[in-house]
Amino acid sequence: MGGAKGFLGTAATGPLADFYHSIAGVGLTDVPFMGALLAIGLALVLGVAMRLAAGAGALLTLMMWTVVPPANNPFMDDHLVYAAVLVVLALSGAGNTLGLGTFWARIPLVRRTGWLKWTTSGDGRPRGVRHDGPGRGT
């Protein structure tokens, strides 16, 4: 057992357990689940498309939270902490500081495509660099 079948088939508890057991191991569930984990992980490690990756990662983490509801405190669970960390990474422009976010934001296709431009964590300049208008600054 591996992937979504192992996680959804054995770990699912709570009010949505029957639903998760029914989709466990189905190719339409397993392949997108593993693909999403890979894509989100690569984007976060490389620092590209941080908003998209962090949003998708937070959503996937919240979905995993519904698979295994916390036993003690429903609001202080590792899944919710990870989701909050992903949101902070996206909002802080972490990809521009320690990743390829500045390179990603300067790619012509990203600059002229609306939804790709939205995935960037800024304007393609490292944090702390001012832009005072045409011909001034960097």
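**D77 and its surroundings**

I began with the contacts of D77 in this predicted model, and, once the neighbours within four places in sequence are left aside, I found D77 in contact with W65 and P70. I placed D77 in the loop between α4 and α5, the latter covering residues 78–92. Looking next at the side chain of D77, I noted a polar contact with the side chain of H79, at 2.7 Å. I then asked myself whether D77 is buried or exposed. With a relative accessible area of 12%, D77 falls under the 20% cut-off and is therefore buried.

**A49**

I turned to the loop between α3 and α4, where A49 has its place. I recorded a positive phi of about 50° for A49, although this residue is not a glycine. Most residues other than glycine have a negative phi, and I entered A49 separately for that reason. The relative accessibility of A49 is 11%, so I count A49 as buried.

**N96**

I looked up N96 and found it in helix α6, which runs over residues 94–98. Its relative accessibility is 7%, and N96 therefore counts as buried. I also checked N96 against T120: the two are 24 residues apart in sequence, and their C-alpha atoms lie 8.7 Å apart in space.

**The largest pocket**

I went on to the largest pocket, which holds about 200 Å³ of space. Which residues lie nearest its centre? From a lining of 12 residues, I listed L8, T29, F33, L60 and M63 as those nearest the centre. I traced the lining back to the helices and saw that α1 (3–11), α2 (17–23), α3 (27–46) and α4 (50–67) each supply at least two residues. The largest share, 4 residues, comes from α4. Sorting the lining by class, I obtained 11 nonpolar residues and 1 polar residue, with no charged residues.

**The chain as a whole**

I closed with the totals for the chain, whose secondary structure comes to 9 helices and 0 strands, so that, by the way these elements are assigned and numbered, the pattern read along the sequence is α-α-α-α-α-α-α-α-α. How much of the chain do buried residues make up? I noted 30% of the 138 residues. Among contacts in the chain with a separation of 6 or more, 52% are accounted for by residues 24 or more positions apart. For the surface, I wrote down an exposed area of about 8700 Å², of which carbon and sulfur atoms supply 69%.

How values were computed
Residues numbered from 1 in each chain as written. Predicted model: local features only at pLDDT ≥ 70, side-chain atom pairs only at ≥ 80, totals over all residues. Heavy atoms only, no water. 1 Å grid on protein atoms, 1.4 Å probe; cavity = no way out; pocket = protein on both sides within 12 Å on 5 of 7 lines; lining within 4 Å. Points joined across faces, edges and corners; volume = space filled by probe spheres on them. Nonpolar A, V, L, I, M, F, W, Y, C, P; charged D, E, K, R; others polar. Buried < 20%, exposed > 50% of the residue type's maximum accessible area, 1.4 Å probe, protein only. Polar contact = N/O pair within 3.5 Å; in protein donor to acceptor, adjacent residues only side chain to side chain. Contact = heavy atoms within 4.5 Å. Areas by Shrake-Rupley, 256 points an atom, 1.4 Å probe, with all protein chains shown as cover.
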